[in-house]
Amino acid sequence: GFNLVSLANNHTLDRGEKGVLASLEYWEDKNRAVTAGSCADKEAGEEVSLFEAGGITCAFMAYTTSTNGLKAPGGKEYYVSLYSFERAKADVEKARKKKADAVIVSMHWGAEYVFDPTAEQKKIAAELASLGVNLVIGHHPHVVQPVSMVKDTLVIYSLGNFISAQKELYKLIGLMVSLDVVKREKDGRIDIAFENVTGMLTYNPRNSVLGRYVIVPFDMMTEAVLKNYPEVYKKYAAVVKGKGEWQIAMRPAAPLPRKAKK
């Protein structure tokens, strides 16, 4: 059921050229998702991925700020999309020329296990906002970070882990964000706005009464799955909401069952 897949991250080049091409072949064979962030040839690397949903044409780009010190073979830099303002600017311009109504950017950035966006993340978010990007979806820190509005750009700094094999509780909390994209005409141009922006925390236990490596939204949580979950929810929901003037609405955790009266 996933529609978009980002292939740009710090592990893209881990298995060298063979790994990059095998990954691209896999996704091309499936033909079920729009991908971005890694391409097999220069021509594809110069294109921008587009898709349509509900009558809205969207452009999807993906970048990473790190490749763990690894480099693509000379002349094949298109194997992984490294972020630069110039690269993003060129891609956004291509997207607008192709009549994209909304621009979505997947950003692999930040520092691992840090709940606050780094100075670099904030700088890149401001750059993307200045280019008119509509939505930035961040990942890499392995923990949740705030969701913010930067000018007119919705920035999800980090979704945390959706599914993983990590152990500590703070690494097992993830975030899902739902929203409605509204397309309007304003002053003779297309204007994109977001409505009903809502976050929901998730929990990904290694073992639970529900099985191994399941995804449990907090609005379906029980004490049998995670003890003291209301307090856990409160702590990480506060991280996601941040301290800015604009704060994302959060779906509440499931209420604790009432104790039977004696």
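## Aromatic pairs

Nine aromatic pairs turn up in this structure, which is a predicted model. Take Tyr63 and Tyr83 to begin with: the ring centres sit 5.8 Å apart and the planes make an angle of 80°, so this pair counts as edge-to-face. Tyr63 belongs to strand β4, while Tyr83 is in the loop between β4 and α3, so the pair ties together parts that are 20 residues apart in sequence. Are these two tyrosines buried or exposed? Both Tyr63 and Tyr83 are buried.

Tyr113 and Tyr170 make another edge-to-face pair, with 6.5 Å from centre to centre and 90° between the planes. Here the partners come from two loops, Tyr113 from the one between β5 and α4 and Tyr170 from the one between β8 and β9, so the pair ties together parts that are 57 residues apart in sequence. Tyr113 is partly exposed, at 30% relative accessibility, and Tyr170 is partly exposed too, with a relative accessible area of 28%. Ring pairs also bring in Phe115 and Tyr236, which form a cluster with Tyr113 and Tyr170.

## The open sheet

Six strands line up as β3-β4-β5-β6-β8-β7 in an open sheet with mixed pairing. The edges belong to β3 (49-53) and β7, each with a single partner strand, so one side of each has no neighbour in the sheet. From one strand to the next, the twist averages 25°.

At one edge, β3 and β4 are antiparallel and share five bridges, with Phe51 standing opposite Cys58 in β4. These two strands make a hairpin with two residues between them, and Gly54 in the turn has a positive phi of about 60°. At the other edge, β7 and β8 run antiparallel and are joined by four bridges; Ser148 has Val155 in β8 as its bridge partner.

## Strand β4 and its neighbour β5

How many of the nine residues of β4 are buried? Nine of the nine are, so the strand is largely enclosed by the rest of the structure. Both faces of β4 share in this: Ile56, Cys58, Phe60, Ala62 and Thr64 point one way, Thr57, Ala59, Met61 and Tyr63 point the other way, and all are buried.

β4 pairs with β5 in the parallel sense, over seven bridges. One of the matches puts Cys58 with Ala102 in β5 as its bridge partner. Ser106 also lies in β5, and at 4% relative accessibility this serine counts as buried. Beyond four places in sequence, Ser106 is in contact with a run of residues, Phe60, Met61, Ala62 and Tyr63, as well as with Ser6, Ile137 and His139.

## Helix α4

Helix α4 covers residues 119-130, 12 residues in total, and spans 17 Å from first C-alpha to last, close to the 16 Å expected at 1.5 Å a residue. Which residues of α4 are buried? They are Gln121, Ile124, Ala125, Glu127, Leu128 and Ala129, so the set includes Gln and Glu under the cut-off of 20% relative accessible area.

The buried residues of α4 pack against one helix, α3 (85-97), and against the strands β5 (102-108), β6 (135-139), β7 (147-150) and β8 (153-156). After the helix comes Gly132, with a positive phi near 90°.

## Two nonpolar cores

The largest nonpolar core counts 39 residues, and the ones with the most contacts inside it are Leu175, Leu201, Tyr203, Phe218, Met221, Val240 and Met250. At least two core residues come from each of β4, β5, β8, β9 (173-186), β10 (189-203) and α5 (229-241). Which element gives the largest share of this core? That would be α5, with seven residues.

Leu175 gives a feel for how this core is put together. Leaving aside neighbours within four places in sequence, Leu175 is in contact with Val144, Val147, Ile156, Ser158, Leu159, Gly199, Met200, Leu201, Thr202, Val240 and Met250. A second core, separate from the other, has 23 residues, among them Val48, Val92, Val136 and Val155.

Terms used: Residues numbered from 1 in each chain as written. Predicted model: local features only at pLDDT ≥ 70, side-chain atom pairs only at ≥ 80, totals over all residues. Heavy atoms only, no water. Expected span 1.5 Å × (residues − 1). Buried < 20%, exposed > 50% of the residue type's maximum accessible area, 1.4 Å probe, protein only. Contact = heavy atoms within 4.5 Å. Core = buried A, V, L, I, M, F, W, Y, C linked by side-chain atoms within 4.5 Å. Pairing = 2+ DSSP bridges. Axes fitted to C-alpha atoms, helices over the stretch in contact; angles between N-to-C directions. Phe/Tyr/Trp six-rings, centres within 6.5 Å; stacked < 30°, edge-to-face > 60°.
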